[in-house]
Amino acid sequence: KIRNTMRFIIGCLDDWDCAAWTLPHRQEQKSHGISRFSRPTLVVRDRHGHEAKGTLPFVDAYLLHLLNETCNEIDESYRSYAFAQAVSVATNFINTRLSSFYLDTSKDRLYADAKTSFQRR
């Protein structure tokens, strides 16, 4: 399942051009009451200077949150020399959260939206 998940992700990135699209660093929010799942406004610029602005979809922000938690858990496992636990956590994230949840919910955007749309990028 890991191989198929990675193959799907690489296939979705087939037309990605790093030189043409950039995502600037997110500006720090000034309010002190930032929610855990705050969704920053992102600006995507192409090589001609055209901009597309939008808010990161909730499902994307949620996956980034889950990824951050998973990375912290893997890091802690490595620090305590629990290598099997680190592999188990990574495998569980890829199989359940990434493949079964996120990629399934993202397929509509990938297949239906235009290649240059903000939601697809």
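# Reading the contacts of a predicted chain

Tutor: The chain has 3 helices and 2 strands, and along the sequence these follow the pattern α-β-β-α-α. Please keep in mind that this is a predicted model, with a chain average pLDDT of 76 and 61% of the residues scoring at least 70.

Student: Which elements have the lowest and the highest mean pLDDT?

Tutor: Strand β1, residues 41–45, has the lowest mean pLDDT among the elements, at 65, while helix α2, residues 58–79, has the highest, at 91. Over residues 27–35 the pLDDT is below 50, and beyond near neighbours in sequence this stretch has 3 contacts in the model. Where pLDDT is low, the predicted coordinates should not be read in detail.

Student: What makes the aromatic pair of Phe58 and Tyr62 stacked?

Tutor: The structure holds 4 aromatic pairs, and in the one formed by Phe58 and Tyr62 the centres are 6.3 Å apart with 10° between the planes. The centres have to lie within 6.5 Å for a pair, and planes under 30 degrees apart count as stacked, so both conditions are met by 6.3 Å and 10°. Both residues lie in helix α2, 4 residues apart, which is about one turn of the helix, and ring pairs link Phe58, Tyr62 and Phe101 into a cluster.

Student: Why is Phe58 called partly exposed, and why is Tyr62 called partly exposed as well?

Tutor: Buried means under 20% relative accessible area and exposed means over 50%. Phe58, with a relative accessible area of 43%, falls in between and is therefore partly exposed, and Tyr62, at 28%, is partly exposed by that rule too.

Student: Why is the pair of Tyr81 and Phe83 called edge-to-face?

Tutor: The ring centres of Tyr81 and Phe83 are 6.2 Å apart, and their planes stand at 85°, which is over the 60 degrees required, so the pair is edge-to-face. Tyr81 has a relative accessible area of 65%, and because this is over 50% the residue counts as exposed, whereas Phe83, at 45%, counts as partly exposed.

Student: How do you know that Arg79 and Asp75 form a salt bridge?

Tutor: The N to O distance between their side chains is 3.0 Å, and because the rule asks for a distance within 4 Å, the pair qualifies. Arg79 and Asp75 both lie in helix α2, 4 residues apart, or about one turn of the helix. Arg79 is exposed, with a relative accessible area of 60%, while Asp75, at 34%, counts as partly exposed.

Student: By this rule, how many salt bridges are there, and what is the distance between the closest N and O atoms of Lys107 and Asp104?

Tutor: The count comes to 2 salt bridges, and in the one between Lys107 and Asp104 the closest N and O atoms are 3.4 Å apart, which is within the cut-off of 4 Å. These residues are 3 apart in helix α3, residues 83–112, and so are separated by about one helical turn. Lys107 is partly exposed at 30% relative accessibility, and Asp104 is partly exposed with a relative accessible area of 44%.

Student: What makes Lys107 a charge that lies over the face of Phe8?

Tutor: Lys107 lies at 5.5 Å from the ring centre of Phe8, and this distance is within the 6 Å that the rule allows. The rule also asks that the charge be within 35 degrees of the ring normal, and Lys107 is listed as lying over the face of Phe8.

Notes:
Residues numbered from 1 in each chain as written. Predicted model: local features only at pLDDT ≥ 70, side-chain atom pairs only at ≥ 80, totals over all residues. Heavy atoms only, no water. pLDDT = per-residue confidence, 0-100. Contact = heavy atoms within 4.5 Å. Phe/Tyr/Trp six-rings, centres within 6.5 Å; stacked < 30°, edge-to-face > 60°. Buried < 20%, exposed > 50% of the residue type's maximum accessible area, 1.4 Å probe, protein only.
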